[in-house]
Amino acid sequence: PMGWGTLGFAFPASIGAAATIDAPVVCFNGDGGILFAIGELATVAQEQIPLTVVIVDDGGYGMLRYGKDVTANRYGTELRSPDFAAIARGFGLTARATTGVGLEFETALRDAIASGEPNVLVTKARMTPPRTTSPRWPLRQTGHTNAR
């Protein structure tokens with residue numbers, strides 16, 4: 001549930017899922033969200049949990065940035081991202097970096113899932129979240145900016 005203060009939840013939750021079910025598990029994270037629990041890459045590597053971790057690196061808290069664009073005040077939304085692929089490799093995981101979400105990303109994701117091994121896929125991309133992910137965003141359509 002994007003927009004509801006769930007930063008950092010996806011990765012630890014996906015570890016539990018990947019450790020307990022016999023099916024491919026893919027975890028999608030923003031660069032800000034993954035930083036809440038990036039140390040858990042050690043658990044994924046140590047236990048050889050068959051999880052594909054996708055990190056969309058947009059240089060900040062994309063959901064918050066999107067929400068603040070209406071005010072033109074992005075204070076607190078930008079991040080200096082580390083080299084996520086190098087961090088993953090440092091834990092002994094296979095990692096690949098791409099740009100965007102086109103054919104290169106699609107191929108890398110398909111290969112990562114098919115490997116059945118723990119791995120990390122990083123992509124440099126900025127995406128626009130769906131309109132329905134925050135209670136405040138629909139109000140923009142009418143010009144209102146105050147939400148309860």
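# A tour from helix α1 into the sheet

Start by selecting helix α1: its buried residues pack against β1, α2 (31-34), α3 (41-46) and β2. Some words in that sentence need cut-offs. Buried means under 20% relative accessible area, exposed means over 50%, and partly exposed is in between, with a 1.4 Å probe and protein chains only. Contact, which is also what touching and packing refer to here, means heavy atoms within 4.5 Å. Helices (H or I, at least four residues) and strands (E, at least two) are DSSP runs, numbered from the N terminus.

Before you click further, know that this is a predicted model, where local features need pLDDT of at least 70, side-chain atom pairs count only at pLDDT 80 or more, and totals for chains, interfaces and linings use all residues. Residues are numbered from 1 along each chain as its sequence is written, and side-chain values use heavy atoms, with hydrogens and water left out.

**Stop 1: one face of α1**

Show the side chains of Phe11, Ser14, Ile15 and Ala18, the buried residues of α1. Now look down the helix axis: these buried residues fall within an arc of 110°, so they line one face of the helix. That arc is taken from the directions from the helix axis to the C-beta atoms.

**Stop 2: the sheet**

Next, select the strands. Four of them make an open sheet in the order β1-β2-β4-β3, with parallel pairing. Two strands pair if DSSP finds at least two bridges between them. Which strands stand at the edges? They are β1 (25-30) and β3 (94-99), each with a single partner strand, so one side of each has no neighbour in the sheet. Tilt the view and you can see the twist: on average, neighbouring strands are turned by 20° against each other, direction ignored. Angles run from 0 to 180 degrees between N-to-C directions, and axes are lines fitted to C-alpha atoms, for helices over the stretch in contact.

Walk across the sheet pair by pair. Strand β1 is joined to β2 (residues 51-57) by 6 bridges, and the two run parallel. Zoom in on Val25, which stands opposite Leu51 in β2. Then turn to the helices on the sheet: α1 (residues 10-20) touches β1 and β2, and its direction makes about 175° with that of β1. Helix α6 (residues 103-115) packs on the sheet too, touching β1, β2, β3 and β4 (119-124), with its direction at about 165° to that of β3.

Now move on to β4. It is joined to β2 by 6 bridges, again parallel, and β3 pairs with β4 in the parallel sense over 6 bridges. Select Lys124 in β4: Asp57 stands opposite it, and so does Thr99. Follow the chain from β3 through α6 to β4, and you trace a right-handed β-α-β crossover. Right-handed here means that, with the strands pointing away from the viewer, the path from the first strand over the helix to the second runs clockwise. Another pair to click is Ala97 and its bridge partner in β4, Val122. Is β4 enclosed or open to the outside? Of its 6 residues, 5 are buried, so β4 is largely enclosed by the rest of the structure.

**Stop 3: the cores**

Colour the nonpolar residues next. A nonpolar core is a set of buried Ala, Val, Leu, Ile, Met, Phe, Trp, Tyr and Cys residues joined through side-chain atoms within 4.5 Å. The largest one has 22 residues, and Phe11, Leu51 and Val120 touch the most other members. Two or more residues come from each of α1, β1, α3, β2, α5 (84-90) and β4. Apart from this core lies another, of 7 residues, including Val56, Phe105, Ala108 and Leu121.

Go back to Leu51 and show what surrounds it. Not counting residues up to four places away in sequence, Leu51 touches Phe11, Ser14, Ile15, Ala18, Val25, Cys27, Val44, Glu117, Pro118 and Asn119.

**Stop 4: two residues to check**

Select Gln48, in the loop between α3 and β2. Its phi is near 50°, a positive value in a residue other than glycine. Most residues other than glycine have a negative phi. Gln48 counts as partly exposed because its relative accessibility is 48%.

Finish at Ala114 in helix α6, which is exposed at 66% relative accessibility. Draw a distance from its C-alpha atom to that of Pro24: the two residues are 90 apart along the chain, yet these atoms are separated by 8.3 Å.
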